[in-house]
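This report concerns a single protein chain, which is shown below.

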Amino acid sequence: MIEVRKFKGIDLFAFTCCSTIALGVTFLPYVGGDEVRSAWLKVMIAVLPYLLLFFLLKKFSLKYDSYDFFLEVKNSTWKWVYWVILLYFIVSTFIAIIFGLEALTLITKVYLLPNTEQWTVLLLFIAVAGVGLAYGITAISRFVVALIFVEFILLFSIIFLGFSEYFRWIYIPPILTTDITTLLKSSISDMARYSGVIALLGFLPYLNRNCAVFRPMSYGILLVVAIYVAICIVILGTFGFEQSLTLVSPFTALVQSVSTRTGVVERVDLFFLGVWIIAYYKIMLIQAWFLLFLLQRFIPIKKPNIYLVLSLGLLFFVSVWVPGFVEPIWVPVYLNQLVYSLIVPTGILIILILKRKKGDLQSETS
């Protein structure tokens, strides 16, 4: 059981926002070639189930003083069920990190280092992430809090880019004329953009008992929603539907089209790419830390750094071995992220909230 509980609401706010911000920024307003003409509206609707999850986490924290989701699952069910659930979370988190590393490699090779080998990019990124992980959750939390202003800079920059001579409001009204299969696929991908918040299950046990739970998490994910909506509106208003679907990264293409009147800043896109890399570094730290948290719960060891070395090494070799982005695998990956980050924890939280404690039963019978 975790005894140190020192984090506050600002830590929870930053942790929520930074746990899920990176991939959505890069590939909005579409995923896997699916046409999403009402993307800005759908990313707003897609967040509602996660707000329900946050509400359940609030109820859970009011009932269980530990705030520890996995501890209460362990105490409330058979051991083999607990191990199966924990193993599923470990595998799903590992796959999500691999998928993110593939996205990182894609953007880096297309826009920054086209002649650099994939393994070089991955090795450098994983090595830097390993340094952050070695310092633990306290350093990670302070890091994301210190850089939360980057998300606000990103939001204001996107809004500023929207006021250009190429922007057309005619592209903005939502249009739902696509077939049902494409609609369902795009809905899954839109909801999966928020799947990184599952790492909150590992962070909450470190939260001070006197801190609010629902409001910081809600404010954090609503900041993400605001950024997503702003990107969708600006991209669709600037490029239109058809042209947006032909771009690897519509947002990167947008900032590459920005020109400055002076020679001081000639490559605005490099600034935004740097912001994106920092954002993914934060999400990599959070998700990799959550993976280490789960491994320590699965098989506790006295030297957790062993898990750090083994997990980062396995992430590197699997990322190098897995081929580049293949569109048919997008939907299964996103579907699994939706199941393990929303459906499974929501169901378990409802059971834990409705479950009566032994102390409650004794007080009723006495």
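The sections that follow treat the overall fold, the nonpolar cores, one residue of helix H6 and the largest pocket.

## Overall architecture

The model is predicted. Its secondary structure consists of 17 helices and 0 strands. The chain has 366 residues, of which 54% are buried.

Contacts between residues with a separation of 6 or more are dominated by distant pairs: 87% of them join residues 24 or more positions apart. The exposed surface of the chain amounts to about 17,300 Å², and carbon and sulfur atoms supply 69% of that area.

## Nonpolar cores

In soluble globular proteins, nonpolar side chains tend to be buried together. In this chain the largest nonpolar core has 114 residues, and those with the most contacts inside it are Phe70, Leu101, Tyr194, Phe251 and Met284. Helix H14 supplies the largest share of this core, with 17 residues. A second, separate core has 5 residues, among them Phe99, Ile188, Val333 and Tyr334.

Met284 illustrates the packing around one of these core residues. Leaving aside residues up to four places away in sequence, Met284 touches Ile97, Leu101, Phe125, Ile126, Ala129, Leu312 and Leu315. Of these partners, Leu101 is itself listed with Met284 among the residues with the most contacts inside the largest core.

## Threonine 93 in helix H6

Thr93 is found in helix H6. Is Thr93 buried or exposed? Thr93 counts as buried because its relative accessibility is 0%, where the cut-off for a buried residue is under 20%.

The surroundings of Thr93 are given by its contacts. Not counting residues up to four places away in sequence, Thr93 touches Gln287, Phe290, Leu291, Leu294 and Tyr340.

## The largest pocket

The largest pocket has a volume of about 550 Å³. It is lined by 24 residues, and the closest to its centre are Tyr206, Leu292, Phe293, Gln296 and Arg297. By class, the lining comprises 18 nonpolar, 3 polar and 3 charged residues.

Which helices each supply at least two residues of this lining? They are H5 (69-76), H6 (79-112), H7 (118-135), H14 (268-298) and H15 (305-321). The largest share, 5 residues, comes from H14. Helix H14 therefore appears in two roles: it gives the largest share of the pocket lining, and it also gives the largest share of the largest nonpolar core.

Note on methods:
Residues numbered from 1 in each chain as written. Predicted model: local features only at pLDDT ≥ 70, side-chain atom pairs only at ≥ 80, totals over all residues. Heavy atoms only, no water. 1 Å grid on protein atoms, 1.4 Å probe; cavity = no way out; pocket = protein on both sides within 12 Å on 5 of 7 lines; lining within 4 Å. Points joined across faces, edges and corners; volume = space filled by probe spheres on them. Helix = DSSP H or I, 4+ residues; strand = E, 2+ residues; numbered from the N terminus. Nonpolar A, V, L, I, M, F, W, Y, C, P; charged D, E, K, R; others polar. Buried < 20%, exposed > 50% of the residue type's maximum accessible area, 1.4 Å probe, protein only. Contact = heavy atoms within 4.5 Å. Areas by Shrake-Rupley, 256 points an atom, 1.4 Å probe, with all protein chains shown as cover. Core = buried A, V, L, I, M, F, W, Y, C linked by side-chain atoms within 4.5 Å.
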